[in-house]
Amino acid sequence: MFDSTIEFIRALYDASPGNVIPLHAPTFAGNERKYLEECIDTTFVSSVGAFVDRFEQMIAEYTGAAGAVVTVNGTAALHMALMLAGVERGDLVITQALTFIATCNAIAYTGADPVFVDVDHDTMGLSPDALEQWLADNTIRNAAGECIHTATRRRVRACVVMHTFGHPARVERLLEICRAYGIELVEDAAESIGSLRAGRHTGTFAPIGALSFNGNKTITTGGGGMLLFSDAEMARHAKHLTTQAKVPHRWEFVHDSVGYNYRMPNINAALGCAQLEQLPDFLRSKRATASEYADFFADGHDGIRFMPEPAGTQSNYWLCAIELPDRDARDAFLTATNDAGVMTRPIWELMNRLPMWQDAISDDLTVTRRLADTIVNLPSGVRAAK
């Protein structure tokens, strides 16, 4: 079973017999070596260097953000975003259970707890309908305009939406709902560099967004992240906090608040600059791969449905996703493909099923649980040009 699908994927990636097709390997085909050698030659390999500023400027221009600040990884970016959104110990932060653990880890770092709300089937991102219903049923606004969870009397300070596998969520409506309830929206755009909704880049709808450049992302700095801001002054403040809150001086070491060593080294930023220069080519390759997958599965081949980009969006298709009929079929597909050297993976274990958050507040998560049982990611890396 699934033999024709395996043959198709191996042919798509022109894989020789016995070779394993990775889920998403990085591609280094540009100025990476040149820029890294420049770092070494100048000795600026740590957090001070020209490539850090260049990478921030390039990302701001590419995404249309008012400001961009690099971080050592995407989780650090999310942690800083939540702190800047005013999340404090004891608060509640609404998010989706269908996400990578970094989203919830960042919430935990602030001393807050997650509240899990269902996702939309087509975006696999937080559902505006589910969010609005949960807020209407479970919260009130106090005299100060804060959103209060009626059962626990805890403040609901923020909401984090993730653009799952690069597919943009319905972020405009989420933003409207959050504003109506006095909640700060943060975009976890870790997976969605190059993804657009209504022609606008993910991570730039909310006041703060976060990108990731981990080794498995569309472009990589080895490890790294980026904060995106709609306000340039907030970006400058974030830069200060992520560089140990050090007051500029020629030789004195003075710090004006608790800061964080979240700086991205120059050598990583150099890699990022070279990768970003190639992003248009990477996106063309990945979207072409998604189109071929969509055509192959168009007739429900092997009971499989391809998950296309939602209407009104342009996805980067970071990881192409398919939907199987049920969990048994999902597990059979995972076994057959991985046995054949085609790396496939299920969606992450749902956050509310992990021991840290098994008692977290949530709605019924109907769509979330269905997707967890049926979604599989296919090899989605950039293919070599022919």
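This is a short walk through one protein chain, from its overall dimensions down to a single loop residue.

Okay, so before anything else: what you're looking at is a predicted model. Keep that in mind for everything I say.

Let's start with the whole chain. We have 386 residues, and a compact globule of that length would have a radius of gyration near 21 Å; the chain comes out at 21 Å, so the two agree. If you lay the C-alpha trace along its principal axes, it spans about 65 × 60 × 35 Å. For secondary structure, count twelve helices and 17 strands.

How much of the chain is buried? That's 54% of the 386 residues. The accessible surface is about 16,000 Å², and carbon and sulfur atoms hold 51% of that. Now contacts: take those with a separation of 6 or more, and 70% of them link residues 24 or more positions apart. On charges, there are 47 negative side chains and 33 positive ones, with the centres of the two sets 4 Å apart.

Right, on to the strands. Have a look at strand 7, residues 184-188. Four of its five residues are buried, so we can call that strand mostly covered. Its partner here is strand 6, residues 155-162, and the two run parallel, with five bridges between them. If you want a spot to click on, E184 in strand 7 is the bridge partner of A158.

Next, a little sheet. It's open, it has three strands in the order 9-8-13, and the pairing is antiparallel. Which strands sit at the edges? Strand 9, at 200-201, and strand 13, at 313-314, each of which pairs on one side only. Strand 8 covers residues 196-197 and is joined to strand 9 by two bridges, antiparallel again. Within that pairing you'll find R197 opposite R200 of strand 9, so to speak arginine facing arginine.

Last stop: V247. Where does it sit? In the loop between helix 8, residues 232-242, and helix 9, residues 266-277. Is V247 buried, exposed or partly exposed? Its relative accessibility is 28%, so it counts as partly exposed; the buried class would need under 20%, and the exposed class over 50%. Leaving aside residues up to four places away in sequence, V247 touches H240, V254, H255 and D256. And if you go ten residues along the chain to S257, the C-alpha to C-alpha separation from V247 is 9.6 Å.

That's my tour, happy to take questions.

Methods. Residues numbered from 1 in each chain as written. Predicted model: local features only at pLDDT ≥ 70, side-chain atom pairs only at ≥ 80, totals over all residues. Heavy atoms only, no water. Pairing = 2+ DSSP bridges. Rg over C-alpha atoms; globule rule 2.2 N^0.38 Å. Buried < 20%, exposed > 50% of the residue type's maximum accessible area, 1.4 Å probe, protein only. Contact = heavy atoms within 4.5 Å. Areas by Shrake-Rupley, 256 points an atom, 1.4 Å probe, with all protein chains shown as cover. Lys, Arg positive; Asp, Glu negative; His and termini not counted. Charge placed at Lys NZ, Arg CZ, Asp CG, Glu CD.
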